[in-house]
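Colleague: Before we go through the packing together, could you put the model on screen and take my questions one at a time?

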Amino acid sequence: MSHLLRGHAPITEEGWSLLDAEARERLTPALAARRLVDFSGPHGWKHSAANLGRVRELAGTPVEGVLAARRRVLELVEARAPFSLSRAELRDADRGAGDVDLEALDAAARRIATAENRAVFHGWREAGIDGVADASAHEAIALGEDCQRYPRHVAGAVAMLLDVGVGGPYGLALGPDVYTRVLQTAEHGGYPLLNHLREIVEGPLVWAPGVQGAVVLSQRGGDFALEVGEDLSLGYASHDADTVQLYIEESFTFQVLTPEAAVALSL
Amino acid sequence: MCHDARVGFDQYHEPPDELPSETRTFARLCASLTEEAEAIGWYEQRLAIESDREARAVMRDALGEEFKHFSMDLEFLLRRSPLWRQIAQGILFREGDIVEHGEESEEQAVEGAAAEGAAVSGSASLGIGSLKGATP
């Protein structure tokens with residue numbers, strides 16, 4: 001049995017299928033970073049660190065005449081979103097109920113997807129992760145309140161990337177507030193702003209919970225690396241007569257390999 | 001008219017009622033992948049003997065559709081089977097000896113999974129992986 005201890009949970013195989021399907025359905029639209037950065041893995045639960053290919057010289061060695069250096073690695077972070085479900089609801093699911101209350105699972109899925117996006121785009125200091133926006137070598141562009149000016153700002157970001165030799169296509173991660181504003185806006189003549197922005201970047205426009213403002217980043221590959229040990233999984237923690245405590249978990253880290261390959265658009 | 005109750009379900013080799021819904025979905029996509037591969041083979045044969053230019057253009061367009069369907073089916077299956085995905089990553093889109101890559105990739109992936117204590121035939125993960133190029 002894996003460390004997820006699913007076999008110890010008072011949940012039937014059909015019940016686990018329902019929970020896995022629900023988690024997958026809720027996570028997939030929210031995992032914005034995975035649509036825009038390179039993905040490596042899953043390398044398994046025992047994978048503990050990403051190779052940086054760098055060393056730190058050691059001043060002292062046990063024996064004179066021996067040189068030494070210590071490898072530098074980027075440790076993976078274990079992220080877990082716990083939640084609790086009613087055992088009565090799970091029994092109803094086994095009976096064929098189609099309206100089982102899985103709200104706590106949905107909220108946990110949203111939390112962990114947001115955490116992954118935030119780590120990738122804005123960093124996670126305690127986990128040693130620098131985010132795409134914060135590591136950018138370019139000055140952030142202020143988006144402002146006027147949506148009609150968004151194409152100009154996004155085109156400006158693309159021009160900044162081209163100027164330093166970072167080729168396209170480009171992707172655009174939009175924080176939820178900005179995404180909603182873009183969806184609601186049509187330019188003069190009724191042309192949807194969303195389509196105009198897509199034409200400018202020539203790549204995906206992604207709804208990105210956890211992102212503040214927006215980020216334009218190259219999609220040519222090799223610039224941003226999300227390394228996953230254990231991919232998102234459902235696990236079991238404990239249960240009592242009425243509830244079962246579960247969690248969604250993953251292990252990952254993230255590296256910005258080319259700080260010039262992204263431009264932040266701040267609110 | 002009397003219908004054979006099993007008609008339309010011959011992609012299953014075990015009683016469908018006993019199979020988890022995810023396994024049934026996986027089997028459906030495996031069957032779909034097979035059908036797309038067959039269609040690609042058929043169109044290649046038809047194109048090889050068809051002399052009418054317009055008909056060839058239509059069939060070439062249809063062949064492109066089959067390529068797309070096959071690739072989508074494959075990507076779906078690889079996302080749901082991390083070990084398969086890992087082995088495929090060592091083989092697909094690489095220059096060089098295909099058989100050699102296959103042997104190396106299988107060995108590394110299976111040994112790696114065994115070393116991690118993971119079940120070789122599947123994984124408890126949700127199998128989401130990369131979403132680059134996925135439909136929103």
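**Helix packing, core and interface**

Modeller: In this predicted model, helix 1 of chain A packs against helix 3 (residues 87-94) of chain A at an angle of about 105 degrees, and their axes are 9 Å apart.

Colleague: How are helix 1 of chain A and helix 3 of chain A oriented to each other?

Modeller: The angle between the two axes is about 105 degrees, and angles from 65 to 115 degrees count as roughly perpendicular. Helix 1 of chain A and helix 3 of chain A are therefore roughly perpendicular to each other.

Colleague: Which residues of helix 3 of chain A meet helix 1 of chain A, and how many residues of the contact are charged?

Modeller: From helix 1 of chain A, the residues taking part are E14(A), G15(A) and L18(A), and they meet L90(A), A93(A) and D94(A) in helix 3 of chain A. By class, this contact has 3 nonpolar residues and 1 polar residue, while the number of charged residues is 2.

Colleague: Turning to chain B, how are helix 2 of chain B and helix 3 of chain B oriented to each other?

Modeller: Helix 2 (residues 53-80) of chain B and helix 3 (residues 82-89) of chain B have axes 5 Å apart and pack at an angle of about 120 degrees. In their contact, L77(B), L78(B) and R79(B) of helix 2 meet W84(B), R85(B) and A88(B) of helix 3, a set made up of 4 nonpolar, no polar and 2 charged residues. As the roughly perpendicular range runs from 65 to 115 degrees and roughly antiparallel begins over 145, helix 2 of chain B and helix 3 of chain B are therefore oblique.

Colleague: Which helix gives the largest share of the largest nonpolar core?

Modeller: The largest nonpolar core has 78 residues, and V132(A), L172(A), A173(A), L174(A), V215(A) and V216(A) are those with the most contacts inside it. For A173(A), the contacts beyond its neighbours within four places in sequence include A32(A), L36(A), F121(A) and V206(A). The largest share of this core, 9 residues, comes from helix 4 (residues 103-122) of chain A.

Colleague: Which helix supplies the largest share of the side of chain A that touches chain B?

Modeller: Between the chains, 24 residues of chain A are in contact with 18 residues of chain B. Helix 1 (13-30) and helix 2 (33-36) of chain A each supply at least two residues of that side of chain A, which by class has 9 nonpolar, 5 polar and 10 charged residues. The largest share, 9 residues, comes from helix 1 of chain A.

Terms used: Residues numbered from 1 in each chain as written. Chains lettered and ligands numbered in written order. Predicted model: local features only at pLDDT ≥ 70, side-chain atom pairs only at ≥ 80, totals over all residues. Axes fitted to C-alpha atoms, helices over the stretch in contact; angles between N-to-C directions. Helix = DSSP H or I, 4+ residues; strand = E, 2+ residues; numbered from the N terminus. Parallel < 35°, antiparallel > 145°, perpendicular 65-115°, else oblique. Contact = placed C-beta atoms within 7 Å. Nonpolar A, V, L, I, M, F, W, Y, C, P; charged D, E, K, R; others polar. Core = buried A, V, L, I, M, F, W, Y, C linked by C-beta atoms within 7 Å. Buried ≥ 20, exposed ≤ 12 C-beta atoms within 10 Å, placed from the backbone.
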